Amino acid sequence: MSTLLEISGVNKSFGGLQALDDVNLKVNEGTVHAIIGPNGAGKSTLLNAIIGKLVPDTGSVMFNGQDMIGVQPHQINQHGISRVFQTPEIFGELTILENMMIPLLAHRDGAFKPTLWARSDAQADILEKAEHYLADVNLWGKKDVHSASLSRGDKRRLELAMCLSQDPKLLLLDEPTAGMARADTNNTIDLLQTIASRGITMAIIEHDMHVVFSLSQRISVLAQGHVICEGMPEEIKTDPRVREAYLGGAEV
Ligand SMILES: Nc1ncnc2c1ncn2[C@@H]1O[C@H](COP(=O)(O)OP(=O)(O)OP(=O)(O)O)[C@@H](O)[C@H]1O
């Protein structure tokens, strides 16, 4: 199985605080890899280092054989890394369809050009694609609904459709079920399982262990900026170091 993302010897300090401490982590192609750990462990910092939002002090982030250190976030995105944020990044005042068209137009034109927004002749191909991606996440029927009125689960579906339209090689998910009711969480798990079954590689940060164990093939555990262990879900569940990291020995 080939390695899609390889993080080696990554360090990052904020003043005197070492947020990432010699992080080594490999994500294999076609797998769902969870990154878990207690609050403040460094998970978001690591994600930000992968998407180019912050530059590590030392170390390398190799994606698909290319070093991503110093590469701008939008270029990293063009290399095939797409991030789904904890809070869905969609425009509430726009409809589902209008939101969906933004990444499609940006992808087609190299950047989002508002002047082309209103030209229907410039949009026929885009509408066809929008239907495809929205139908894929069961939102085509709601295409004219304003996004602000959607449930968290539907917002997440929309954001996933927007990410998938960029044809990512690696989908990074930052707490995809945060703040969701159990029914929405389960629907999101089903949707992510469907996406994973198509072979899209995912790295997921998540606190909800039901979500983690439902989706992932590999799990890395971060504590105090360091990967304290890595393995298959069954190994992680029983690893005493993981219990120790979470509330000094509580069940994970
Ligand atoms: N920009 C920053 N400036 C200073 N300190 C920061 C910054 N970003 C993160 N930190 C600190 O680095 C440490 C790791 O934070 P990070 O947000 O990566 O942890 P996390 O594992 O994502 O936590 P949580 O699960 O609570 O979101 C924390 O102590 C945090 O306060």
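In which strand does Asp 22 lie? Asp 22 belongs to strand 2, and we will come back to this residue in one of the views below. Please keep in mind throughout that this is a predicted model.

**View 1. The whole chain, with its 10 helices and 10 strands.** Let's start with the overall frame before zooming in. The radius of gyration of the chain is 19 Å, close to the 18 Å that the globule rule gives for 252 residues, so the chain is as compact as a globular protein of that length. Its C-alpha trace spans about 60 × 40 × 35 Å along the principal axes. Of the 252 residues, 38% are buried. If you like contact maps, take the contacts between residues at least 6 apart in sequence: 66% of these join residues at least 24 apart.

**View 2. The hairpin of strand 1 and strand 2.** Strand 1 (residues 3-14) and strand 2 (residues 17-28) run antiparallel and are joined by 8 bridges. One pair to look for is Ser 13, which stands opposite Gln 18. Between the two strands there are 2 residues, and Gly 15 takes a positive phi near 60 degrees in this hairpin. Further along strand 2 you meet Asp 22 again. Its phi is also positive, near 50 degrees, although Asp 22 is a residue other than glycine. Most residues other than glycine have a negative phi. Asp 22 has 14 C-beta neighbours inside 10 Å, so it counts as partly exposed.

**View 3. The open sheet with strand order 2-1-4-5.** The hairpin is part of an open sheet of 4 strands, paired antiparallel. Strand 2 and strand 5 (66-67) stand at the edges with a single partner strand each, so one side of each has no neighbour in the sheet. On the way across, strand 1 is joined to strand 4 (residues 58-63) by 5 bridges. Here Glu 6 stands opposite Met 62 of strand 4. When you follow side chains along this view, a general rule may help: in a regular strand they alternate between the two faces of the sheet.

**View 4. Helix 1 (residues 43-50), a mostly covered helix.** How many of the 8 residues of helix 1 are buried? The count is 6. They are Lys 43, Thr 45, Leu 46, Leu 47, Ala 49 and Ile 50. Note that a lysine, Lys 43, is on that buried list. After helix 1 comes Gly 52, with a positive phi near 80 degrees.

**View 5. The largest nonpolar core, with 65 residues.** The residues with the most contacts inside this core are Met 100, Ala 161, Leu 172 and Val 221. Domain 1 (1-80 + 170-252) and domain 2 (88-167) both give residues to the core, so it lies between them. Zoom in on Ala 161 and, leaving aside neighbours within four places in sequence, you will find it in contact with Met 100, Tyr 133, Leu 134, Asp 136, Val 137 and Leu 139.

**View 6. Where domain 1 touches domain 2.** The C-alpha centres of the two domains lie 27 Å apart. At their meeting place, 8 residues of domain 1 are in contact with 8 residues of domain 2. On the domain 1 side, helix 7 (residues 182-197) gives the most, with 4 residues. The residues of that side divide into 4 nonpolar, 3 polar and 1 charged.

**View 7. Gly 153 in helix 6 (residues 152-164).** Which residues does this glycine touch, not counting those up to four places away in sequence? Gly 153 touches Met 180, Asp 184, Asn 187 and Thr 188. Gly 153 and Asp 184 are 31 residues apart in sequence, yet 5.0 Å apart in space, C-alpha to C-alpha. With 18 other C-beta atoms within 10 Å, Gly 153 is partly exposed.

**View 8. Two loops on either side of helix 7.** Glu 175 lies in the loop between strand 7 (170-174) and helix 7. Glu 175 has a positive phi of about 45 degrees, although it is not a glycine, and is partly exposed, with 19 other C-beta atoms within 10 Å. Gly 199 sits in the loop between helix 7 and strand 8 (201-205). Gly 199 has 10 C-beta neighbours inside 10 Å and counts as exposed.

Key:
Residues are numbered from 1 along each chain as its sequence is written. This is a predicted model: local features need pLDDT of at least 70, side-chain atom pairs count only at pLDDT 80 or more; totals for chains, interfaces and linings use all residues. Two strands pair if DSSP finds at least two bridges between them. A nonpolar core is a set of buried Ala, Val, Leu, Ile, Met, Phe, Trp, Tyr and Cys residues joined through C-beta atoms within 7 Å. A residue is buried if 20 or more other C-beta atoms lie within 10 Å of its own, exposed if 12 or fewer, and partly exposed in between; C-beta atoms are placed from the backbone. Domain bounds come from an automatic or database domain assignment. Two residues are in contact if their C-beta atoms, placed from the backbone, lie within 7 Å. The radius of gyration is taken over C-alpha atoms; the globule rule is 2.2 Å times the number of residues to the power 0.38. Ala, Val, Leu, Ile, Met, Phe, Trp, Tyr, Cys and Pro count as nonpolar, Asp, Glu, Lys and Arg as charged, and the others, Gly among them, as polar.
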